[in-house]
Amino acid sequence: MCTTTRRQFIKLSIVATAAMRIQDIFAEESVKPLRILILGGTGFTGPFQVKYALSRGHKVTVFNRGKTHPGELPKEVEQLIGDRNGQLEALKGNVGRYVFISTISVYADTSTGVDENAPLAKYEGADPFKETLEAMKASGYKTYGPLKALSEQETQKWFPDKSLIIRPGLIVGPRDETDRFTYWPVRIDRGGEVLAPGNPSDPVQFIDGRDLAEWTIRIAENRETGIYNATGPAKKLGIGGMLDGIKSALNSNATFTWGEAEFLKQQKVEAWSGMPVWAGDELGMSRTNVSRALAKGLTFRPLGDTARDTLAWFKAQKPERQAKLRAGLTPERETEVLAALHKQGGITKPE
């Protein structure tokens, strides 16, 4: 540690656990090899960061507890095992950049769409340092956004003028264990009549974890600071366009039967969890302004690529993992809701 602390680094954190330190960074057309330390690096997006950084000639070290996907990272990666607590104290005064991956959930009100200057949610608990994952789940994740906002404040306090904060929306694609996008490729691949939520024009936003990881490396290489929303696509996309795009990519015979928002409420089918990606009454969340990130080179792979790769990843999982999706409706429940919709006669099948 004493050798590395003499150098200047950039730190990146991915979904609150990953971090990077990068030495000697200059904004130039050719990428200069960097020394990178990632705290974590073995979860959802971390391995994408690692592999992309290696592909650009950087030297990567990961520091974690060694409990998640051990042995998965390339052999070129130096792997250190240890306790990540106290990282801010260790890095203060020794970093050239500190990049924190936050979330668009930090905003106090997303009803009309937000840019990076919108007010943030306020933590109203007793002590943020005593919060636990169990308590967050018990609150229905209501403390998630406020706690992330406090984390941003800590970042800015410890690393003034050296912090880069990225606020992703829904992160999707291969390795996503929440199935909050995976449900749709899996369901559409199965074919037949598919229950679809709301109005086809209802906006949706999400970002492939690989696009987020790769852009994070590139923007770090350029020594950027400030705050950036990071979700996609670059242009407005409705839930209908998303579903049609997935259907086309998978060559599926699926047809979509649309249940209006009020009907889905009556059936106790919730937005986001029961009908993933769709925000229901909170469509403003899917109108987040990402122009600042686009101006700094954020790009998105085609929807079809994300859909095909996500489905392939899911089908490669163990049978017990594939047996039950962690978001969306079970086949039995979908059949029940479709039957109720047919009985009501309120079916919309846009061309």
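These questions and answers walk through a predicted model and ask how its labels are earned.

Me: Why are helices α1 and α6 called oblique to each other?
Reply: Look at the angle. The axes of α1 (residues 46-55) and α6 (residues 209-221) cross at roughly 50 degrees. Angles under 35 degrees count as roughly parallel, and 65 to 115 as roughly perpendicular. Roughly 50 degrees falls in neither range, and α1 and α6 are therefore oblique. The crossing of the two helices is right-handed.

Me: How do you know that α1 and α6 meet, and which residues are involved?
Reply: Their axes come within 8 Å. Contact means heavy atoms within 4.5 Å. On the α1 side, F48, Q49, Y52 and A53 take part. On the α6 side, they meet G209, R210, A213, E214, T216, I217 and R218. The contact residues divide into five nonpolar, three polar and three charged.

Me: What makes α1 largely enclosed by the rest of the structure?
Reply: Buried means under 20% relative accessible area. Seven of the ten residues of α1 are buried, so the helix is largely enclosed. The buried residues are G46, P47, F48, Q49, V50, Y52 and A53. Among them, F48, Q49, Y52 and A53 also meet α6.

Me: What else does α1 lie across?
Reply: α1 lies across strands β2 and β3. It runs at about 160 degrees to β3. Just after α1, G57 takes a positive phi of about 90 degrees.

Me: What makes β2 and β4 edge strands?
Reply: Each of them pairs on one side only. The sheet is open, with the order β2-β3-β4 and parallel pairing. β2 spans 35-39 and β4 spans 78-81. Neighbouring strands here are turned by 20 degrees against each other on average, direction ignored.

Me: How do you know that β3 pairs with β4?
Reply: Count the bridges. Pairing needs at least two. β3 (residues 59-64) and β4 are joined by four, and they run parallel. One of the links is between V62 and its bridge partner in β4, Q79.

Me: Why is strand β10 described as largely enclosed?
Reply: Four of the five residues of β10 (residues 226-230) are buried, so the rest of the structure largely encloses this strand. β10 also pairs: five bridges join it to β6 (residues 163-168), in parallel. I165 has I227 in β10 as its bridge partner.

Me: What makes β8 mostly covered, and how many bridges tie it to β11?
Reply: Four of the five residues of β8 (residues 193-197) are buried. Five bridges pair β8 with β11 (residues 255-259) in the parallel sense. P197 has G259 in β11 as its bridge partner.

Me: Why are α5 and α7 called oblique to each other?
Reply: α5 (residues 183-190) and α7 (residues 239-250) pack at an angle of about 55 degrees. The perpendicular range is 65 to 115, and roughly parallel is under 35. The angle of about 55 degrees fits neither label, and the two helices are therefore oblique. Their axes are 10 Å apart. α5 passes α7 in a right-handed crossing.

Me: Which residues make the contact between α5 and α7?
Reply: W184, P185, I188 and D189 come from α5. M242, L243, I246, K247 and L250 come from α7. They divide into seven nonpolar, no polar and two charged.

Me: Why is E332 called exposed, but R175 buried?
Reply: Exposed means over 50% and buried means under 20%. E332 has a relative accessible area of 55%, so it is exposed. E332 sits in helix α12 (residues 331-344). R175 has 17%, so it is buried. R175 is in the loop between β7 and α5. Phi of R175 is near 85 degrees, a positive value in a residue other than glycine.

Me: Why is Y141 called partly exposed?
Reply: Its relative accessible area is 46%. That lies between the 20% and 50% cut-offs, so Y141 is partly exposed. Y141 is in the loop between α3 (133-138) and α4 (144-158). Phi of Y141 is near 65 degrees, a positive value in a residue other than glycine.

Me: Where is P233, and what kind of peptide bond joins it to G232?
Reply: P233 is in the loop between β10 and α7. The bond is cis, with omega about 5 degrees.

Methods: Residues are numbered from 1 along each chain as its sequence is written. This is a predicted model: local features need pLDDT of at least 70, side-chain atom pairs count only at pLDDT 80 or more; totals for chains, interfaces and linings use all residues. Side-chain values use heavy atoms; hydrogens and water are left out. Axes are lines fitted to C-alpha atoms, for helices over the stretch in contact, and angles run from 0 to 180 degrees between N-to-C directions. Angles under 35 degrees count as roughly parallel, over 145 as roughly antiparallel, 65 to 115 as roughly perpendicular and the rest as oblique. A crossing is left-handed if the near helix is turned anticlockwise from the far one by less than a right angle, and right-handed if clockwise. Ala, Val, Leu, Ile, Met, Phe, Trp, Tyr, Cys and Pro count as nonpolar, Asp, Glu, Lys and Arg as charged, and the others, Gly among them, as polar. Buried means under 20% relative accessible area, exposed over 50%, partly exposed in between (1.4 Å probe, protein chains only).
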